[in-house]
Amino acid sequence: MDIFDMFFGSGHSRRRECRGKDVIHQLAVTLQELYNGAVRKLAVQKNVICDKCEGRGGKKGSVETCPNCRGTGMQVRIQQLGPGMVQQIQTVCPECQGKRERINPKDRCKNCQGRKVVRERKLLEVHIDKGMEDGQRITFSGEGDQEPGLEPGDIIIVLDEKEHEVFRRSGHDLIMRMELTLTEALCGFQKCIKTLDDRDLVVTVIPGEIIKHGAVKCVLNEGMPQYKNPFEKGRLIIQFLVHFPTQIDPSAVARLEELLPPRLEVIIPDNAEEVSLIELDPEQEARRQRTHKQVYEEDDDYGHQRGGVQCQTH
């Protein structure tokens with residue numbers, strides 16, 4: 001039962017039945033379009049009332065109420081279940097296919113073949129405002145499928161944000177990664193960032209300011225514009241990834257030690273054992289852990305099954 005009918009009666013259902021269904025289309029958009037705003041043209045197919053028969057489906061007077069279901073569109077059949085027990089089964093009327101009326105084939109409209117509606121191509125102009133989000137809906141009221149006796153529904157466009165190669169959106173913020181060499185991380189650098197509206201931002205780190213691997217900094221008012229308030233923007237968040245060299249010339253180690261902070265002196269016990277470090281692939285290790293966990297769970301399930309059966313002793 002419709003919860004609205006419980007409180008407000010069946011008037012709500014009648015109003016809902018007087019309106020056609022909404023048509024939903026998905027539109028792929030880029031992050032640039034959501035940042036700058038855009039206008040996209042979208043061609044859709046929709047049903048419109050046939051203008052040849054004015055939505056009757058045939059000649060005037062040729063449409064009659066289905067005599068089989070008496071215009072209900074449904075047929076009730078009574079089935080005997082047993083002595084004094086019957087069951088009512090309701091099915092769609094086979095004569096009119098639930099349409100409540102029928103038209104003689106020779107009187108049907110040649111344009112719509114008696115369907116009362118025809119397919120038509122409609123070109124929509126979709127305005128994407130600055131700051132709109134993935135999944136946001138743009139509604140074209142009354143542009144849905146037409147049907148005689150019903151108010152047309154809406155065409156609803158759902159925005160589907162495509163992944164960007166540099167930026168990732170989080171609310172009003174934009175997030176990006178910036179790769180640095182060890183020299184840049186230790187000695188400072190200048191780098192340019194191309195924004196989504198094609199401007200160049202210069203990021204400067206002065207010599208002496210060290211950027212750690214994984215460090216996160218932000219630039220205010222360079223994120224996504226706010227919807228309906230595009231002059232207010234979020235933050236541009238930058239995560240720095242420092243690439244260390246794979247090998248250093250042994251002859252340069254002494255000079256590096258002179259420049260870098262001193263190493264901590266470690267006292268090694270006499271009975272200490274020398275071990276070797278081996279490279280470990282994190283992805284391969286994660287797969288190995290998942291496989292191990294799966295095997296363990298299967299063994300555990302098998303053990304429970306065996307434990308559930310007990311031998312009877314005499």
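**The whole chain**

Of the 314 residues in this predicted model, 25% count as buried. Colour by secondary structure next. You should find six helices and 17 strands. Switch on the surface: the protein exposes about 24,000 Å². Carbon and sulfur atoms supply 50% of that area. Now think about contacts between residues with a separation of 6 or more. Residues 24 or more positions apart account for 63% of them.

**Stop 1: the cysteines**

Select C50 and C53. How far is the sulfur of C50 from the closest cysteine sulfur? The distance is 3.8 Å, to C53, and that is too far for a bond. A disulfide needs the two sulfur atoms within 2.5 Å. The structure as a whole holds zero disulfides. Stay on C50 for a moment. Its relative accessible area is 1%, so C50 is buried. Then jump to C218. At 41% relative accessibility, C218 counts as partly exposed.

**Stop 2: the largest pocket**

Select G98, K99, E101, K116 and E147. These are the lining residues that lie nearest the centre of the largest pocket. The full lining comes to 27 residues. The space inside is about 870 Å³.

Which strand gives the largest share of this lining? Highlight residues 101-103: that is strand β6, and it contributes three residues. Now colour the lining by residue class. Twelve residues are charged, nine are polar and six are nonpolar.

**Stop 3: K116 and the loop after β6**

Keep K116 selected. This residue, one of those nearest the pocket centre, lies in the loop between β6 and β7 (117-128). Check its backbone. Phi of K116 is near 75°, a positive value in a residue other than glycine. Most residues other than glycine have a negative phi.

Step back along the same loop to G114, which also lies between β6 and β7. Is G114 buried or exposed? At 18% relative accessibility, G114 counts as buried, because the limit for that class is under 20%. Draw a C-alpha distance from G114 to I103. The two are 7.3 Å apart in space and eleven residues apart in sequence. Show the contacts of G114, leaving aside its neighbours within four places in sequence. You will see G57, I103, R108 and C109.

**Stop 4: the second largest pocket**

Select L182, T183, L186, C187, I210, P245, I248, V253, L256, L259, L260 and P261. Together they line the second largest pocket. Two elements give two or more residues to this lining: α4 (182-187) and α5 (253-259). Which element gives the most? The answer is α4, with four residues.

The volume here is about 390 Å³. Colour this lining by class too. Eleven residues are nonpolar, one is polar and none is charged. Set that beside the largest pocket, where twelve lining residues are charged.

**Stop 5: the cavity**

Leave the open pockets and look for enclosed space. How many cavities of 30 Å³ or more does a search of the whole structure find? The search finds one. Its volume is about 50 Å³. To locate the cavity, select Y35, F167, L174, T195, L196, E222 and L236, which line it. Five of these lining residues are nonpolar, one is polar and one is charged.

**Stop 6: D198**

From the cavity, move to D198. This residue is found in the loop between β12 (189-194) and β13 (200-205). Phi of D198 is near 65°, again a positive value in a residue other than glycine. Is its side of the loop buried or exposed? D198 is exposed, with a relative accessible area of 57%.

**Stop 7: V39 on strand β2**

Finish on V39. Select residues 38-49 to show its strand, β2. V39 counts as partly exposed, at 46% relative accessibility. Leave aside its neighbours within four places in sequence and display its contacts. They are E125, V126 and H127. Two of the residue ranges already shown help here: β7 spans 117-128, and β2 spans 38-49.

Last, draw a C-alpha distance from V39 to D129. The separation is 8.6 Å, although the pair is 90 residues apart along the chain.

How values were computed. Residues are numbered from 1 along each chain as its sequence is written. This is a predicted model: local features need pLDDT of at least 70, side-chain atom pairs count only at pLDDT 80 or more; totals for chains, interfaces and linings use all residues. Side-chain values use heavy atoms; hydrogens and water are left out. Buried means under 20% relative accessible area, exposed over 50%, partly exposed in between (1.4 Å probe, protein chains only). Contact means heavy atoms within 4.5 Å. Accessible areas come from the Shrake-Rupley method with a 1.4 Å probe; for residues, only the protein chains shown count as cover. On a 1 Å grid over the protein atoms alone, a cavity is a set of points where a 1.4 Å probe fits but cannot get out, and a pocket is an open set with protein on both sides within 12 Å along at least five of seven lines; lining residues have an atom within 4 Å of a point. Grid points are joined across faces, edges and corners, and a volume is the space filled by probe spheres set on the points. Ala, Val, Leu, Ile, Met, Phe, Trp, Tyr, Cys and Pro count as nonpolar, Asp, Glu, Lys and Arg as charged, and the others, Gly among them, as polar.
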